[in-house]
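Let's take a friendly walk through a protein and the ligand it holds. Have a look at the sequence and the structure, and then read on.

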Amino acid sequence: MVTTNKAVRVFAPAKVNLILRVLDRRPDGYHNLWSLMQTVELVDELQLRLRSDSGGLKLSCDEATVPTDGRNLVARAVALVLERAGLSVGLDVHIAKRIPMGGGLGGGSSDAAAAIIGLNRLLGLGWSASEMAAVGQTIGSDVPFFLFAPCAVVRGRGEAVSPLGLTGKRWVVLVNPGFPIETRWAYERLAGSRKAVRPLSEALGRISVTSALSWDNVIPLMENDFEEALAPTHGVLGSIKAELMAQGAEAALLSGSGATVFGIFRDEDAAMCAQSVVGRVEGRRASVCRTGSGPLSCSEEPSRPLPVG
Ligand code: C5P
């Protein structure tokens with residue numbers, strides 16, 4: 001006797017913060033944010049396959065340093081979706097990992113969002129992006145954004161997401177200095193190193209209520225509050241930024257709480273040249289990709305007959 005098992009494949013892109021303002025600390029210990037986030041075409045790939053048993057999740061990853069137990073945000077996402085849907089299933093999830101961890105590129109959060117999207121399709125739940133984001137926000141601050149990708153203004157702790165259209169494409173050079181920065185530590189460092197919270201500018205207030213933007217509008221506004229806070233302990237981040245600008249980047253910035261610094265380029269050749277020059281330093285990893293242009297994509301895999309019994 002044979003049965004078929006259904007599978008989907010979801011591509012989970014990295015993100016960069018084109019603007020990241022860290023505002024006041026909230027009673028729950030988190031900080032309110034104002035961020036303009038954009039996906040880039042550096043992607044993890046998740047394959048989710050239903051098994052014929054109801055033995056829960058088996059998670060695997062091609063990168064040995066990625067935990068495959070309850071610490072992985074994908075495991076938490078799967079548990080939450082199944083709990084909310086009132087289902088118990090057998091599920092294999094495999095992650096092909098391309099986004100560096102601890103890099104400020106949201107890889108773990110994107111994987112979690114991809115798992116929610118994949119399960120929504122696989123189990124025929126019919127949840128809207130907002131319903132998926134409600135599950136995602138309990139997993140991590142960056143997860144809701146990925147359910148409204150490719151570009152959005154994100155506020156609150158990360159749960160208030162307003163998608164917007166950023167017209168045109170750019171090339172992005174991502175430079176990882178070769179060490180991670182722990183998010184919690186970076187927030188503590190930022191909170192301890194400043195005397196007051198700088199209010200949001202009028203320009204950002206205007207972006208909050210717009211539905212479309214151009215790169216020419218965004219580039220002069222690019223900033224990240226973590227840069228100043230991390231400068232005394234991580235001087236190399238400022239050096240990488242200066243090197244990217246010297247290579248002709250329109251703008252260069254730390255992403256999230258680091259440690260990846262990225263440069264925005266109009267031209268592919270200049271981006272490739274910057275990658276090789278700035279990435280030449282030992283320990284650094286540099287890559288070039290385009291900015292993302294669509295939502296996270298989910299496709300059904302052909303069913304595979306499995307012998308049973
Ligand atoms: O959301 P995530 O679990 O990645 O956050 C890790 C830590 O970073 C939190 O425990 C908190 O200390 C800090 N954080 C914050 N404000 C945010 C997001 C994160 O203070 N909006």
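Here is a short tour of one strand, its partners and the ligand site.

## A strand on the inside

Keep in mind as you look around that this is a predicted model. A good place to start is strand E2, which covers residues 31-51. Is E2 mostly enclosed or not, and why? Of its 21 residues, 17 are buried, so the rest of the structure largely encloses this strand. Buried here means that under 20% of a residue's relative accessible area is left.

## The partners of E2

E2 pairs with strand E5 (residues 151-156) through six bridges, and the two run antiparallel. To find this pairing on the model, look for leucine 33, whose bridge partner in E5 is glycine 156.

E2 also pairs with strand E4 (residues 90-96), again in the antiparallel sense, over seven bridges. Here you can look for glutamine 47, which has histidine 94 as its bridge partner in E4.

## Around the ligand

Now for the ligand, which sits in the largest pocket. Two elements, E2 and helix H5 (183-193), give two or more residues to the shell around the ligand. H5 provides the largest share, with three residues. The full shell is Gly29, Tyr30, His31, Leu33, Ser141, Arg157, Thr183, Arg184 and Tyr187.

Which atoms of histidine 31 and serine 141 lie 2.8 Å from the ligand? For histidine 31, a backbone N or O atom lies 2.8 Å from a ligand nitrogen. For serine 141, a polar side-chain atom lies 2.8 Å from a ligand oxygen. Arginine 184 has a polar side-chain atom 3.4 Å from an oxygen of the ligand. On its own the ligand has 450 Å² of accessible area, and the protein covers 79% of that.

Definitions and conventions. Residues are numbered from 1 along each chain as its sequence is written. This is a predicted model: local features need pLDDT of at least 70, side-chain atom pairs count only at pLDDT 80 or more; totals for chains, interfaces and linings use all residues. Side-chain values use heavy atoms; hydrogens and water are left out. Buried means under 20% relative accessible area, exposed over 50%, partly exposed in between (1.4 Å probe, protein chains only). Helices (H or I, at least four residues) and strands (E, at least two) are DSSP runs, numbered from the N terminus. Two strands pair if DSSP finds at least two bridges between them. A residue is near a molecule or strand if one of its heavy atoms lies within 4 Å of it. A polar contact is a pair of N or O atoms within 3.5 Å; within protein, one must be able to donate a hydrogen and the other to accept it, and residues adjacent in sequence count only if both atoms are side-chain atoms. Accessible areas come from the Shrake-Rupley method with a 1.4 Å probe; for residues, only the protein chains shown count as cover. On a 1 Å grid over the protein atoms alone, a cavity is a set of points where a 1.4 Å probe fits but cannot get out, and a pocket is an open set with protein on both sides within 12 Å along at least five of seven lines; lining residues have an atom within 4 Å of a point. A molecule sits in a cavity or pocket if more than half of its atoms lie within 2 Å of its grid points.
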